[in-house]
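Work through these exercises with the coordinates open. Each task is followed by a stepwise solution.

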Amino acid sequence: MSYRLCISAIALSATTFVAGCTSLPSSGPASEQVEQQAALKVVNTRSASRKRPGVDYALVDITASVLANVSQATTPTLQGSFGNRRGGAPNLPLGVGDIISVTVFESQSGGLFIPADAGSRSGNFVTMPNQTIDQSGRISIPYAGRIRVAGRTTSAVQEELQRLLANRAIEPQVVISKVVSRSAQVAVLGDVNNPAKVELTEAGDRILDVISQAGGLSTPRLETYVTLQRGPRTATVLYDYLINTPAENIFMVPGDTVIVNRERRTFLAFGASGQNGRIDFEDADLTLGEALGKAGGLLDNRADPEQVLLYRVVDRDFLRQLHVDVSRYPVERIPVVFRANLRDPSAMFMIQKFPMQDKDIVYITNSKATELIKFLDVVNSVSSTASGVSTDVVKTRDAVKDL
């Protein structure tokens, strides 16, 4: 067989060769590699062969059922994590560090606290020096002794003091007032104008209230997240979602910490798209369709519209909702590759509803024809010294482009 005939035979069988070739230039994995190396698949058809991947991931086709579940899974909530306290504002009992004022009234002079010659007094009461509730949670009241007050309401402490003084004072009545509330505070930190500890009031303070008292945001709201720490639990929401969802504006409780931080929401675009690199969201609710538009869309001369891939790490509960056996995964967060087939007209509607998440990766694979053209270019480069061979290869390549 002549040299020219050998090259022609190679060109005709290039499609089969390219499917398994990994040496040609490319900006990412081929669609066959993505599918073959998936640890599990939620797809319409399965590939018979599969290689062991370096990282176990799941391949999930974007369908109506997947869209319904992913829309629910992408929005963390404060209400779901901490409740919305439908009964109203939380009670604020006295606590260690609070400074309180105790006033004792008697019905007439001549009693324990009001002397008999108190006719010139402005009232039948005496106000004791302010007291700080100590580490043991107690205060000292003359003739009543040390009283435990931490964790109790002011009305409960008033009733106990009245009972303890009843045998000494004349019909005593006790009024307790908070002067400084150090136990009922929340800390507001991060990207606010005046980070501070904010005192809670009995009227009830919600998370937006305490952020406002800390001077409000110092960053763009579309890139700002609000994290609430309450004991061992933590939840984070986008500030824009918080202000647009009244149920998320939950009541604060003593000891809460609110952290406001700016984080650029970005996604990465690779492959056969008009723009590659890191791209800002710039929108509160960016969808996959809008992300593809920001990345310049699919390149007509390169992209395979059946293989639009989105890389994300999801909770294992998401895959359980799709009735997938996740027992092989020992971790709570599972790598998933979502796949959209844009040759299907209905997929155009689905990608407009599929929500993007911060740090997603969008990868558009090359078409098989593109890989064939690359192969023919390689053949052309290595055979350019043979008379007439390069012309044949170029003609074959151009014919493929015209398909």
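**Exercise 1. Strand register**

Task: Find the bridge partner of L189 in β13.

Solution:
- This is a predicted model. Take β9 as residues 185–190 and β13 as residues 257–262.
- The partner of L189 in β13 is I259.
- Now look at the whole strand pair. Four bridges join β9 to β13. The two strands run parallel.

**Exercise 2. Sheet order**

Task: State the order in which the five strands form an open sheet, and name the edge strands.

Solution:
- The order is β10-β9-β13-β11-β12. The pairing is mixed.
- The edges are β10 (196–199) and β12 (233–238). Each of these edge strands pairs on one side only.
- Neighbouring strands of this sheet are turned by 20 degrees against each other on average, with direction ignored.

**Exercise 3. Aromatic pairs**

Task: Classify the ring pair of F105 and F125, then that of F338 and F354.

Solution:
- A pair of aromatic rings is described by two quantities, the distance of the centres and the angle of the planes.
- The structure holds four aromatic pairs. For F105 and F125, the centres are 5.1 Å apart and the planes stand at 40 degrees, so this pair is tilted.
- Place the F105–F125 pair on the chain. F105 is in strand β3 (residues 99–105) and F125 is in strand β4 (residues 125–127). They are 20 residues apart, and the pair links distant parts of the chain.
- Check accessibility. F105 has 29% relative accessibility, so F105 counts as partly exposed. F125 has 31%, so F125 is partly exposed too.
- Turn to F338 and F354. Their centres are 5.2 Å apart, with 65 degrees between the planes. Edge-to-face requires planes over 60 degrees apart, and this pair is edge-to-face.
- F338 lies in strand β17 (residues 333–340). F354 lies in the loop between α11 (345–351) and β18 (361–366). The separation is 16 residues, and this pair also links distant parts of the chain.
- Both F338 and F354 are buried.
- Extend the search. Ring pairs link F318, F338 and F354 into a cluster.

**Exercise 4. A charge over a ring**

Task: Which ring does the charged end of R206 sit over?

Solution:
- The ring belongs to F251.
- The charged end of R206 is 3.9 Å from the ring centre.

**Exercise 5. Three polar residues**

Task: Locate N366, S101 and Q213, and decide whether each is buried or partly exposed.

Solution:
- Start with N366, which lies in strand β18. Its relative accessible area is 9%, so N366 is buried.
- The side chain of N366 makes a polar contact with the side chain of R302, at 3.2 Å.
- Next, S101 sits in strand β3. With a relative accessible area of 13%, S101 is buried.
- Leave out residues up to four places away in sequence. S101 then touches T127, N130, V175, I176, S177 and V179.
- Last, Q213 lies in helix α7 (residues 207–213). At 46% relative accessibility, Q213 counts as partly exposed.
- Set aside neighbours within four places in sequence. Q213 is then in contact with V198 and D205.
- Finish with a backbone distance. The C-alpha atoms of Q213 and A196 are separated by 8.7 Å. These residues are 17 residues apart along the chain.

Terms used. Residues are numbered from 1 along each chain as its sequence is written. This is a predicted model: local features need pLDDT of at least 70, side-chain atom pairs count only at pLDDT 80 or more; totals for chains, interfaces and linings use all residues. Side-chain values use heavy atoms; hydrogens and water are left out. Rings of Phe, Tyr and Trp (its six-membered ring) pair if their centres lie within 6.5 Å; planes under 30 degrees apart count as stacked, over 60 as edge-to-face and the rest as tilted. Buried means under 20% relative accessible area, exposed over 50%, partly exposed in between (1.4 Å probe, protein chains only). A charge sits over a ring if NZ of Lys or CZ of Arg is within 6 Å of the ring centre and within 35 degrees of the ring normal. Two strands pair if DSSP finds at least two bridges between them. Axes are lines fitted to C-alpha atoms, for helices over the stretch in contact, and angles run from 0 to 180 degrees between N-to-C directions. A polar contact is a pair of N or O atoms within 3.5 Å; within protein, one must be able to donate a hydrogen and the other to accept it, and residues adjacent in sequence count only if both atoms are side-chain atoms. Contact means heavy atoms within 4.5 Å.
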